[in-house]
Amino acid sequence: MTVESIKVAEQEQHTLSYLDGVKDCIPTLLGYISIGLAMGVVGVSSGLSILHVFLLATFVYAGASQFIICAMIAAASPISAIILTTFIVNLRHLLLSSALAPKFTQYSIQKNIGIGSLVTDESFGVAITKIARKEPVNDRWMNGLNLTAYLVWIAACTVGGYIGGWFPDPEQFGLDYALPAMFIALLIIQLQTIEPTKLKHYLLLITLMIICMLFFSTFLSSSLSVIISTIIVATIGVVTDK
């Protein structure tokens, strides 16, 4: 990379605004809204009030964990088991934030905590795709991306709680497939940014990830399987990358 191209990249990084992050978040909002509505419906049907659904979305802010919490509450599970399960399920966010951290080393620890606290699977997908394309990112852009998703998620969960009595089974409307569909789209977009010479390597790693997931899932929970498989495959990817 030449000195001139470095200067251009730095200039683009400084010009990224909060609104740019908001715009980049818009394509993912359908997933947040559909799953958030379903979460609100499930929460109310599990015996939670609309206020509880709102607080759950605000302070937990993790779709999979919120669904699990509702299921465990409905099953009258002890609080200690709910907390431990939620912690294990959310451990993957440590990996997501660690992957993005090198791009935000120039900011204070307070800013990094704020960014890392609101990173989700979807916002990570958008950010890492932008990074893979060699496009600049900064704290303002990341905050626009994260906060937009966060506020929409809270709103969707709360509205879902209100309309929970109208749609007792969100799966009949296909809302349960919106999130996987969005992840598939993000994966395809990211694969398109990879150099043809490295595409075979990445596809091999994806295949290895699937094999590891299937293996570990036979005797571990899906959450632990994701974490262990990710660490193993990521290590192999770094060692074998040329």
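**Exercise 1. Describe the span of residues 29-60 and place this span in the chain as a whole.**

*Solution.* Over residues 29-60 the chain is 84% helix and 0% strand, with the end C-alpha atoms 18 Å apart. Helices (H or I, at least four residues) and strands (E, at least two) are DSSP runs, numbered from the N terminus. The model is a predicted one, in which local features need pLDDT of at least 70 and side-chain atom pairs count only at pLDDT 80 or more, while totals for chains, interfaces and linings use all residues. Residues are numbered from 1 along each chain as its sequence is written, and side-chain values use heavy atoms, with hydrogens and water left out.

Next, consult the record. An unreviewed UniProt entry annotates residues 29-60, 147-167, 173-191 and 203-236 as "transmembrane region"; UniProt positions are given in the numbering used here, feature names are shortened, and annotations may be inferred rather than shown by experiment. Residues 203-236 are 85% helix and 0% strand, and their end C-alpha atoms lie 13 Å apart.

Finally, consider the chain. It has 13 helices and zero strands.

**Exercise 2. State which residues of helix H6 are buried, and explain how they are arranged.**

*Solution.* Begin with the term: buried means under 20% relative accessible area, exposed over 50%, and partly exposed in between (1.4 Å probe, protein chains only). In helix H6 (residues 79-89), the buried residues are Ile82, Thr86 and Val89. Seen down the axis of H6, these residues fall within an arc of 65°, so they line one face of the helix. The arc is that of the directions from the helix axis to the C-beta atoms. A general rule assists here: an α-helix has 3.6 residues a turn, so residues three or four places apart point the same way.

Then examine the other side. The face of H6 turned away from the buried side carries the exposed residues Ser80, Ile83, Leu84 and Phe87.

Lastly, identify the cover. Helix H5 (63-74), helix H7 (92-100) and helix H13 (222-240) are included in what covers the buried residues of H6.

**Exercise 3. Classify two aromatic pairs by the geometry of their rings.**

*Solution.* Rings of Phe, Tyr and Trp (its six-membered ring) pair if their centres lie within 6.5 Å; planes under 30 degrees apart count as stacked, over 60 as edge-to-face and the rest as tilted. The structure holds five aromatic pairs. For Phe104 and Tyr107, the ring centres are 6.2 Å apart and the planes stand at 40°, so this pair is tilted. For Phe215 and Phe216, the centres are 5.1 Å apart and the planes stand at 65°, so this pair is edge-to-face.

Now add accessibility. Phe104 is buried, with a relative accessible area of 2%, and Tyr107 is buried at 18%. Phe215 is partly exposed at 48%, whereas Phe216 counts as buried at 13%. Ring pairs also link Phe215, Phe216 and Phe219 into a cluster.

**Exercise 4. Describe the surroundings of His201.**

*Solution.* First, locate the residue: His201 is found in helix H12 (residues 196-216). Second, judge its exposure: His201 counts as buried, at 18% relative accessibility. Third, list its contacts (heavy atoms within 4.5 Å). Leaving aside neighbours within four places in sequence, His201 is in contact with Gly237, Thr240 and Asp241.

Fourth, look for a polar contact, that is, a pair of N or O atoms within 3.5 Å; within protein, one must be able to donate a hydrogen and the other to accept it, and residues adjacent in sequence count only if both atoms are side-chain atoms. The side chains of His201 and Thr240 make such a contact, at 2.8 Å.
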